[in-house]
Amino acid sequence: MGYILEIKNLSVEANENHLKIIHNLSIKFPEESVSVIMGPNGSGKSSLCQTIIGNPEYSITDDLGDILFFNESIKSLKVNERALKGIFVSFQNPVEVAGVSIASFLRQSYFNKFKDKKFNDFKEELLKSLELLKLDNDFITKSLNENLSGGEKKKSEILQLLLLKPKLAILDEIDSGLDIDALRIVSNAINTVKNQGTTIILVTHYKRLTEYIDDIQNVFVIMDGELKKTGDKKLIEELEKNGYKAINS
Ligand SMILES: Nc1ncnc2c1ncn2[C@@H]1O[C@H](COP(=O)(O)OP(=O)(O)OP(=O)(O)O)[C@@H](O)[C@H]1O
Ligand SMILES: [Mg+2]
């Protein structure tokens, strides 16, 4: 089996202040795997996620740098083009969109992607997904992320994930702010998506989430915008015990 995503010699800066955030980063993510990205606050994890989906706030600074999705460069594609190819990135802090209900947003994204599906297909899958996330059916009448609690925002991201069935899902701190039950529910949904063939990349600070997720293959530690260590699940234990200072030594 090949790689679904290859980050090659990637250097990234923020357009706003030309801050150099990522430096010559190379990581390969195998197809149908679960990988975890960890690293201290401010090390560039979210910036990497946003660069992969093509957020225009970030620029690749070096022509050598590339992002390959199924061996094809996507670095010149727009956000929606990358999404249509099957890449999904959840936001660490989802933006609030006033006046757009979750239902209408989900419906639009769903039919954008699955043009031949019928309304009943959408409804059926939506109801199934709400049940999996233990959400009431009237959850989707709420405004997109407006006045949602922290945990509800995370569940609404997972609801999109369940409906869109991307090839690759990059989940940026999907566990932050979730209560104990919600963490299990969301983990269960992630395992469901994974078992349907979606490749998962989890960005997290805590071992807790990774205890609920099946078959974690790779753990990558990013510090100061560089890949500092690669390992398997045991590396998460080590980090939990010793913190990041042990990595540099
Ligand atoms: N759009 C932006 N404009 C300016 N600076 C940015 C931008 N995005 C990120 N940065 C800066 O880049 C650095 C890395 O931020 P980033 O959010 O990628 O870190 P992170 O590893 O996700 O941290 P955390 O674990 O706290 O979420 C920080 O110093 C941050 O201030
Ligand atoms: Mg972050």
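How do the residues of the shell around ligand 1 divide into nonpolar, polar and charged? In this predicted model, the shell holds five nonpolar, nine polar and four charged residues. A total of 18 residues surround ligand 1, and those that come nearest are Gly42, Lys45, Ser47, Tyr58 and His205. Helix H1, which runs over residues 45-53, supplies the largest share of this shell, with three residues.

Several side chains place an N or O atom at short range from ligand 1, and it is worth taking them in turn. Tyr58, one of the nearest residues, has a side-chain N or O atom 2.7 Å from a nitrogen atom of the ligand. In the case of Gln92, the partner is an oxygen atom of ligand 1, and the separation from the side-chain N or O atom is 3.0 Å. Glu173 also faces an oxygen atom of ligand 1, here with 3.3 Å between that atom and an N or O atom of the side chain. On its own, ligand 1 has 630 Å² of accessible area, and the protein covers 73% of it.

Gln92 appears again at the metal site. Ligand 2 is a magnesium ion, coordinated by OG of Ser46 and OE1 of Gln92 at 2.0 to 2.1 Å. These two residues are 46 positions apart and link distant parts of the chain: Ser46 belongs to helix H1, while Gln92 sits in the loop that joins strand S7 (87-90) to strand S8 (97-101). Helix H1 is thus a helpful landmark for both ligands, as it gives the shell of ligand 1 its largest share and carries Ser46 of the magnesium site. Are the two coordinating residues buried, partly exposed or exposed? Ser46 has a relative accessible area of 24% and is therefore partly exposed, as this value lies between the limits of 20% and 50%. Gln92 falls in the partly exposed class too, with 26%.

Attention now turns to helix H5, residues 150-164. How does the span of its 15 residues agree with what 1.5 Å a residue should give? The expected span is 21 Å and the end C-alpha atoms are 22 Å apart, so the two values agree. Of the 15 residues of H5, 13 are buried, which means that the helix is largely enclosed by the rest of the structure. Leu159 lies within H5 and illustrates this setting well: its relative accessibility is 0%, so Leu159 counts as buried. Leu144 is 15 residues away from Leu159 along the chain, and their C-alpha atoms are separated by 12 Å.

Just after H5 comes Lys165, with a positive phi of about 45°. Lys165 is a residue other than glycine, and its place is in the loop between H5 and strand S10 (168-172). With a relative accessible area of 36%, Lys165 is partly exposed. Glu32 likewise has a positive phi, near 55°, without being a glycine. The loop that holds Glu32 connects strand S2 (20-30) to strand S3 (34-38), and Glu32 is partly exposed at 48% relative accessible area.

A final stop is helix H9 (residues 245-248), where Asn248 is found. Asn248 has a relative accessibility of 54%, over the 50% limit, and so counts as exposed. Asn248 and Met223 are 25 residues apart in sequence, with 9.4 Å between their C-alpha atoms.

Technical notes
Residues are numbered from 1 along each chain as its sequence is written. Chains are lettered from A and ligands numbered from 1 in the order in which they are written. This is a predicted model: local features need pLDDT of at least 70, side-chain atom pairs count only at pLDDT 80 or more; totals for chains, interfaces and linings use all residues. Side-chain values use heavy atoms; hydrogens and water are left out. A residue is near a molecule or strand if one of its heavy atoms lies within 4 Å of it. A polar contact is a pair of N or O atoms within 3.5 Å; within protein, one must be able to donate a hydrogen and the other to accept it, and residues adjacent in sequence count only if both atoms are side-chain atoms. Accessible areas come from the Shrake-Rupley method with a 1.4 Å probe; for residues, only the protein chains shown count as cover. Helices (H or I, at least four residues) and strands (E, at least two) are DSSP runs, numbered from the N terminus. Ala, Val, Leu, Ile, Met, Phe, Trp, Tyr, Cys and Pro count as nonpolar, Asp, Glu, Lys and Arg as charged, and the others, Gly among them, as polar. Donors are N, O and S atoms within 2.8 Å of the metal (3.2 Å for Na, K and Ca); water is not among the atoms, so sites may look incomplete. Buried means under 20% relative accessible area, exposed over 50%, partly exposed in between (1.4 Å probe, protein chains only). The expected span of a helix is 1.5 Å times one less than its number of residues.
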